[in-house]
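Please examine the sequence and the structure shown below. The paragraphs that follow lead from the helices to the residues that lie between them.

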Amino acid sequence: MVERFLEADDPVLEQVLRWTVERDAADIRQLLEWLPNAANRRDQRALLNRAQALMAELESAMNDLNELQ
């Protein structure tokens, strides 16, 4: 990772966004691990929909982090 010389304008927001990225990535990973073992197609669809929603949130957090830097 690259070390920056200047702090972000909002270091608290940066910490929250970094936590969101880490948490969403872990949650997505877990949902995808459960996907093949879901009881039926309805459950698979629910897991996939949740993973996709988290991916959208993850992308947003990453974009916001890029704007802070």
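Helices here are DSSP runs of at least four residues, numbered from the N terminus. Thr20 has its place in helix H1. The model in view is a predicted one, and the description below follows its two helices H1 (11-34) and H2 (41-68).

Consider the lengths of these helices. H1 has 24 residues and reaches 35 Å from its first C-alpha to its last, close to the 34 Å expected at 1.5 Å a residue. For H2, with 28 residues, the span should be 40 Å at 1.5 Å a residue, and the end C-alpha atoms are indeed 40 Å apart, so the two values agree. At the start of H2, a side-chain oxygen of Asn40 comes to within 3.1 Å of the backbone nitrogen of Arg42.

Which residues of H1 are buried? They are Glu14, Leu17, Thr20, Val21, Asp24, Ile28 and Leu31, and the buried residues of H1 pack against H2. On the other side, the buried residues of H2 are Leu47, Ala51, Leu54, Leu58, Ala61, Leu65 and Leu68; these pack against H1. A general property of helices helps in reading such lists: an α-helix has 3.6 residues a turn, so residues three or four places apart point the same way.

The largest nonpolar core has twelve residues, among them Leu17, Val21, Ile28, Leu31 and Ala38. H1 and H2 each supply at least two residues of this core, and H2 gives the most, with seven residues. In soluble globular proteins, nonpolar side chains tend to be buried together. One member of the core is Ala51. Leaving aside residues up to four places away in sequence, Ala51 touches Ile28, Leu31 and Leu32.

Now return to Thr20. Is Thr20 buried or exposed? Its relative accessible area is 13%, and buried means under 20%, so Thr20 is buried. The side chain of Thr20 reaches the backbone oxygen of Val16 at 2.8 Å. Thr20 also touches Glu57 and Ala61, when residues up to four places away in sequence are not counted. Finally, the C-alpha atoms of Thr20 and Leu58 are separated by 7.1 Å, although these residues are 38 residues apart along the chain.

Key
Residues are numbered from 1 along each chain as its sequence is written. This is a predicted model: local features need pLDDT of at least 70, side-chain atom pairs count only at pLDDT 80 or more; totals for chains, interfaces and linings use all residues. Side-chain values use heavy atoms; hydrogens and water are left out. A nonpolar core is a set of buried Ala, Val, Leu, Ile, Met, Phe, Trp, Tyr and Cys residues joined through side-chain atoms within 4.5 Å. Buried means under 20% relative accessible area, exposed over 50%, partly exposed in between (1.4 Å probe, protein chains only). Contact means heavy atoms within 4.5 Å. The expected span of a helix is 1.5 Å times one less than its number of residues. A polar contact is a pair of N or O atoms within 3.5 Å; within protein, one must be able to donate a hydrogen and the other to accept it, and residues adjacent in sequence count only if both atoms are side-chain atoms.
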